[in-house]
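This report describes the architecture, the nonpolar interior and one surface feature of a single protein chain. Please consult the sequence and the structure while reading.

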Amino acid sequence: MFTHKLLFVYCVLLETETGSLKCPPQLSVKIPKKSDLPGNLSPWNVVELPIDILLMTVEDDEFLSCFSYLEKPFKSYNKTIGYVYFGSIGSEHGKKRNIGLMKCSKGSADPGSCLSVVKDAVRVLRPRALFSVGACSGLDCEKSKLGDVVVSAKLITSSYQTPPGRDIGNLIRHIADGWIAPLENPDEQKVRVHCDGVVLSIQMPDSGGWPYEEIIKRYPEATAVDMEGGGKNFNKVF
């Protein structure tokens with residue numbers, strides 16, 4: 001049974017209460033198109049399990065951004081969890097980290113959505129850490145700017161307030177040390193990494209749009225809102 005479980009939520013801030021990021025700076029990395037993804041399937045028996053990190057995404061641009069960093073990527077299929085893309089990223093003490101990348105549907109509890117997919121994926125892939133990579137909406141332009149990166153030190157849903165595991169909590173305090181934003185011209189935009197971010201994952205009102213003033217009053221410590229919403233609390237999986 002997999003026992004060393006960690007929670008890590010990572011969001012790229014795309015908009016604030018004052019507007020959206022309409023003209024983002026050029027990146028120094030090339031984001032692939034869906035047509036660039038591997039077409040052939042590798043047999044499941046070539047997958048090295050357990051993996052080190054599982055990356056979960058919802059939107060195509062989130063998925064493709066993650067895929068662009070995978071070294072020697074390949075695609076495989078498991079009847080329990082579906083398609084998974086594998087590869088490696090970086091190195092620590094000379095060892096590259098074995099990465100699994102998956103895409104799920106919006107929401108939290110519907111078939112194919114984050115919660116249902118993660119439950120099965122964790123059992124099959126047995127990752128040491130789980131990263132949710134996605135977009136979030138800023139609440140206060142004084143706290144966060146367009147294009148900032150928010151690393152969740154606490155995830156708040158309508159029912160839970162969930163900090164990351166102890167080990168990942170110690171790690172994220174220095175997660176931005178030495179990191180340089182992948183911009184073609186780094187001076188074009190100053191990107192701040194919020195290592196102590198508080199991310200809300202709540203359902204968007206049926207009327208559409210976020211009631212920013214109401215949310216800020218209710219959650220004054222919040223840095224950003226998960227744009228997929230729906231109470232995406234992965235700690236319930238573990």
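In which strand is Leu 41 found? Leu 41 lies in strand β3, which spans residues 41–42. The model discussed here is predicted.

Leu 41 counts as partly exposed because its relative accessibility is 46%, and the partly exposed class runs between the 20% and 50% limits. Together with Tyr 77 and Tyr 83, Leu 41 makes a nonpolar surface patch of about 320 Å². The protein chain as a whole exposes about 13,100 Å², of which carbon and sulfur atoms supply 51%.

**Overall architecture**

The protein chain contains four helices and 12 strands. It has 238 residues, and 45% of them count as buried. Among contacts with a separation of 6 or more, 75% are between residues 24 or more positions apart.

**Nonpolar interior**

In soluble globular proteins, nonpolar side chains tend to be buried together. The largest nonpolar core of this model has 18 residues. Within this core, the most other members are touched by Leu 54, Met 56, Ile 81, Met 102 and Leu 125. Three elements each supply at least two of its residues:

| Element | Residue range |
|---|---|
| β4 | residues 53–57 |
| β6 | residues 82–92 |
| α2 | residues 114–125 |

Helix α2 gives the most to this core, with seven residues. A second, separate core has 14 residues, including Cys 66, Tyr 85, Leu 101 and Ala 129.

Leaving aside residues up to four places away in sequence, Met 56 touches Met 102, Cys 104, Val 117, Val 118, Leu 130, Phe 131, Ser 132 and Val 133.

Terms used
Residues are numbered from 1 along each chain as its sequence is written. This is a predicted model: local features need pLDDT of at least 70, side-chain atom pairs count only at pLDDT 80 or more; totals for chains, interfaces and linings use all residues. Side-chain values use heavy atoms; hydrogens and water are left out. Buried means under 20% relative accessible area, exposed over 50%, partly exposed in between (1.4 Å probe, protein chains only). Contact means heavy atoms within 4.5 Å. Accessible areas come from the Shrake-Rupley method with a 1.4 Å probe; for residues, only the protein chains shown count as cover. Patches are made of residues with over 30% relative accessible area and no salt bridge: like charges are joined within 9 Å, nonpolar side chains (Val, Leu, Ile, Met, Phe, Trp, Tyr) within 5 Å. A salt bridge is a side-chain nitrogen of Lys or Arg within 4 Å of a carboxyl oxygen of Asp or Glu. A nonpolar core is a set of buried Ala, Val, Leu, Ile, Met, Phe, Trp, Tyr and Cys residues joined through side-chain atoms within 4.5 Å.
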